[in-house]
Amino acid sequence: MTSTAVPTSTDVRTLANYIGGAWAPAAGSDVLEDRDPATGELLAVVPLSTAADVDAAVQAARAALPGWRRTSPLVRARAVMALRDVLNEHRAELAELVARDMGKTLDDASAEVGRGIESCEAAIGMPHLLKGENLEGVATGVDVELVRQPVGVVAAITPFNFPAMIPLWFLPYAVAAGNAFILKPSEQDPLAGERIVELANGLGVFPKGLINLVHGAHDVVNGLLDHPGVAAISFVGSAKTARYVATRGAENGKRVQALGGAKNSMVVMPDADPKLMVDGVMGSAFGAAGQRCLAGSLAVLVGTAAEQDASRDRIVAAASALRVGAGLDPETDVCPVVSPAQRERLVADIGAAEADGARVVLDGRGDAGPGGCSLGPTILDDAPEGHKVITDELFGPVLTLVRASDLDEAIAFVNSSRYGNASVIFTESGGAARAYRYGVEAGMVGVNVGVAAPVAWFPFSGWKDSIDGDLHANGRDAVEFYTRKKVVTSRWAA
Ligand code: NAD
């Protein structure tokens, strides 16, 4: 909710930006409220910073660049090691911040923070990863070498659903490769990102101005996209915003990687191991209340009508047993969604599908909980072909069932999506798994794994409308993204 005045409660902090090694109040006066989705409690007031705040951050980052670029890659890697260690020490605290601010369960939040720490561990390999190539004697006395140099000031614009992990997909690689960094966290849950920036700067191993934070929304994004001092932008969010960021960034001559939305299918073969399948589908469709880019929101039931029905019955029975509640309650399986507005959108989508002929075989539209954000697991069957619940990302605990008579039909259905983020198959057949792996159009594929999130040493992203740009996050792609290649041809008299 936008307002133009800071609420009167004296207990609630108005967040500040972190620029040039110090906290700085935002220049603008507009603010947003950041609330706990489970309780509705006001956690913080988020300033909507302006282009002037972005400019201050870019100037600070530019000032820090030359010294950092001259710093040995070994020393930079050790700085990232220190970041890894401090994040590990504060893992429980960060997980609680994520659980409160975003809403997910503590276990899930701790796993998220762990994944972010893993990105630091992968980035620590930077001295190896930065090594170039050379070729001696391409002509008499002539040698050629390729070196990698940092791109400059880079920014990360991140979504609400992984407020700790996604900033850490970018920060460690960017600085290990010699760049200066600006984070624009999601305005819906910026507290974990803020704490990560604070912990990093508290180490005393990164120069002032190297790692900055600017809170806000559209104006900050536009400020970064339009600022000539920003060389590269890493974005993660919905497909619509990703396309916008990629287009405007490219128009302004920036390097952009924009990871967008998803509509992930889980193909359930009749021979799937029932436990692996049910556990995988539950975790994927309903974990984090379906608010993951890897969430399986379609279950493609393969086989005869009786086999399809048997798979459906297993899924519905398991989903009915899931407990809905607050993320901080250890009994909770399905946490609230991020905001009352998101819950209302989901309820409207379920209602529209029902009105158009879908059957709601499990209905989670009951009690919205104290924060107005709870929605129980919901399963739709018999949705009309091409309906929004089959084609669009809903981003909630809503699973739509689709039927296919055989694997070829299932693969054709999966590949008909405009998205290609992730896709998984549950089967005991190596042949079916191999055919699926070969034929499916997705950047991340799971075989009997519901949430096929690659470890940080591999690139993370999808295909098709799930990404704008060529380079994925993490792994070697991160090194490509955050460096420019320079090829030097030298001749020396013998
Ligand atoms: P979002 O697109 O609403 O917001 C992402 C970021 O963009 C935020 O920092 C926000 O401030 C900014 N933003 C939003 N609208 C903007 C606009 N019109 N102009 C400029 N900036 C704008 O996404 P979200 O709701 O925070 O996150 C959920 C989405 O992110 C889902 O679609 C999910 O699939 C996607 N996601 C993708 C991946 C991936 O790896 N592909 C990972 C996580 C999340």
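**Close-up views of a two-domain predicted model**

**Figure 1. A salt bridge within helix H3.** Arg100 and Glu96 both belong to helix H3, where they stand four residues apart, about one turn of the helix. In this predicted model, the two side chains form a salt bridge whose closest N and O atoms are 3.0 Å apart. Arg100 counts as partly exposed, at 30% relative accessibility, and Glu96 is likewise assigned to the partly exposed class, at 35%.

**Figure 2. The two domains of the protein.** The protein is divided into domain 1, which consists of residues 3-260 + 466-489, and domain 2, which covers residues 264-447. Taken over C-alpha atoms, the centres of domain 1 and domain 2 are separated by 31 Å. Contact between the domains involves 19 residues of domain 1 and 22 residues of domain 2.

**Figure 3. The area buried between domain 1 and domain 2.** About 1,700 Å² is buried between the two domains, and carbon and sulfur atoms give 63% of this area. On the side of domain 1, the residues that lose the most area to domain 2 are Pro37, Ala38 and Ser466, which together account for 27% of what that side buries.

**Figure 4. Polar and charged pairs across the domain interface.** Across the interface of domain 1 and domain 2 there is one salt bridge, and six residue pairs are found in polar contact there. Helix H3 (91-102) and helix H4 (106-123) each supply at least two residues of the side of domain 1 that touches domain 2. The largest share of that side, four residues, comes from H3. Sorted by class, the side of domain 1 that touches domain 2 is made up of eight nonpolar, seven polar and four charged residues.

**Figure 5. The salt bridge of Arg292 and Asp108.** In this view the side chains of Arg292 and Asp108 meet in a salt bridge, with a distance of 3.1 Å from N to O. A search of the whole structure finds 31 salt bridges, and the remaining legends turn to further examples.

**Figure 6. The salt bridge of Asp85 and Arg84.** Asp85 forms a salt bridge with Arg84, and the closest N and O atoms of this pair are 3.2 Å apart. Asp85 is partly exposed, with a relative accessible area of 35%, and Arg84 also counts as partly exposed, at 23% relative accessibility.

**Figure 7. A salt bridge between strands E17 and E16.** The side chains of Asp381 and Arg359 meet in a salt bridge, at 3.4 Å from N to O. This pair links distant parts of the chain, since Asp381 lies in strand E17 (residues 378-381) and Arg359 in strand E16 (residues 359-362), with their positions 22 residues apart in the numbering. Asp381 is buried, with a relative accessible area of 0%, whereas Arg359 is partly exposed, with a relative accessible area of 39%.

**Figure 8. A network of salt bridges.** Asp381 and Arg359, the pair of the preceding view, are also members of a network of salt bridges, in which they are linked with Asp309, Arg312, Asp313, Asp382 and Arg403. Within this network, the side chains of Asp381 and Arg359 meet at 3.4 Å, N to O, and the buried residue Asp381 is thereby shown together with the partly exposed Arg359.

Technical notes. Residues numbered from 1 in each chain as written. Predicted model: local features only at pLDDT ≥ 70, side-chain atom pairs only at ≥ 80, totals over all residues. Heavy atoms only, no water. Domains from an automatic or database assignment. Contact = heavy atoms within 4.5 Å. Buried area = accessible area lost by both parts, 1.4 Å probe. Salt bridge = Lys/Arg side-chain N within 4 Å of Asp/Glu carboxyl O. Polar contact = N/O pair within 3.5 Å; in protein donor to acceptor, adjacent residues only side chain to side chain. Nonpolar A, V, L, I, M, F, W, Y, C, P; charged D, E, K, R; others polar. Buried < 20%, exposed > 50% of the residue type's maximum accessible area, 1.4 Å probe, protein only.
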